[in-house]
Amino acid sequence: MTDTGRGTFRLTGRPVTDPEDLAQLTLADDESAIEVPKIRRTFYGAADSYAVG
């Protein structure tokens, strides 16, 4: 996970291809899933709260 500096993160990892794993997810047609190893996780702090409206 890399902080882009724009208030977003870029994730890299191995694509999830197992049908049983994918069946547990709700993905849009243009989305995919990846697995990110725990060892590579970095805590970047809590997100700021803001109202969406």
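Is E20 buried or exposed? Keep that in mind as you click through this predicted model; the tour comes to E20 at its third stop.

**Stop 1: the whole chain**

Start with a cartoon view of everything. You should find one helix and four strands, and following the sequence gives the order β-β-β-α-β. Now switch on a surface. The chain exposes about 5200 Å², and 50% of that area is supplied by carbon and sulfur atoms. Of its 53 residues, 6% count as buried. If you like contact maps, consider the pairs with a separation of 6 or more: residues 24 or more positions apart make up 23% of those contacts.

**Stop 2: strand β2 and R10**

Next, select residues 9–10, which are strand β2, and pick out R10 there. With a relative accessibility of 45%, R10 counts as partly exposed, because that value falls between the 20% and 50% cut-offs. Show its surroundings, leaving aside residues up to four places away in sequence, and you will see R10 touching M1, T2 and T4.

**Stop 3: helix α1 and the negative patch**

Move on to residues 19–23, helix α1, where E20 sits. Here is the reply to the opening question: E20 is exposed, because its relative accessibility is 63% and the label applies over 50%. Add D18, D21 and E35 to the selection. Together with E20, these residues gather in a patch of negative charge on the surface.

**Stop 4: the loop after the helix**

Now select L27, in the loop that lies between α1 and β4. What does L27 touch, not counting residues up to four places away in sequence? Its partners are L22, S32 and A33. L27 still counts as partly exposed, at 37% relative accessibility.

**Stop 5: strand β4 and the nonpolar patch**

Go to residues 34–35, strand β4, and highlight I34. I34 has a relative accessible area of 34%, so it is partly exposed. Which residues join I34 in a nonpolar patch on the surface? Select M1, F9 and L11 along with I34, and the patch is complete, with about 330 Å² of accessible area together.

**A last look**

To finish, colour the two patches in contrasting shades. One is the negatively charged group of D18, E20, D21 and E35; the other is the nonpolar group of M1, F9, L11 and I34. Then bring back R10 as sticks, and look once more at M1: this member of the nonpolar patch is also among the residues that R10 touches.

Definitions and conventions:
Residues numbered from 1 in each chain as written. Predicted model: local features only at pLDDT ≥ 70, side-chain atom pairs only at ≥ 80, totals over all residues. Heavy atoms only, no water. Patch = residues over 30% accessible without salt bridge, like charges linked within 9 Å, V, L, I, M, F, W, Y side chains within 5 Å. Areas by Shrake-Rupley, 256 points an atom, 1.4 Å probe, with all protein chains shown as cover. Salt bridge = Lys/Arg side-chain N within 4 Å of Asp/Glu carboxyl O. Helix = DSSP H or I, 4+ residues; strand = E, 2+ residues; numbered from the N terminus. Buried < 20%, exposed > 50% of the residue type's maximum accessible area, 1.4 Å probe, protein only. Lys, Arg positive; Asp, Glu negative; His and termini not counted. Charge placed at Lys NZ, Arg CZ, Asp CG, Glu CD. Contact = heavy atoms within 4.5 Å.
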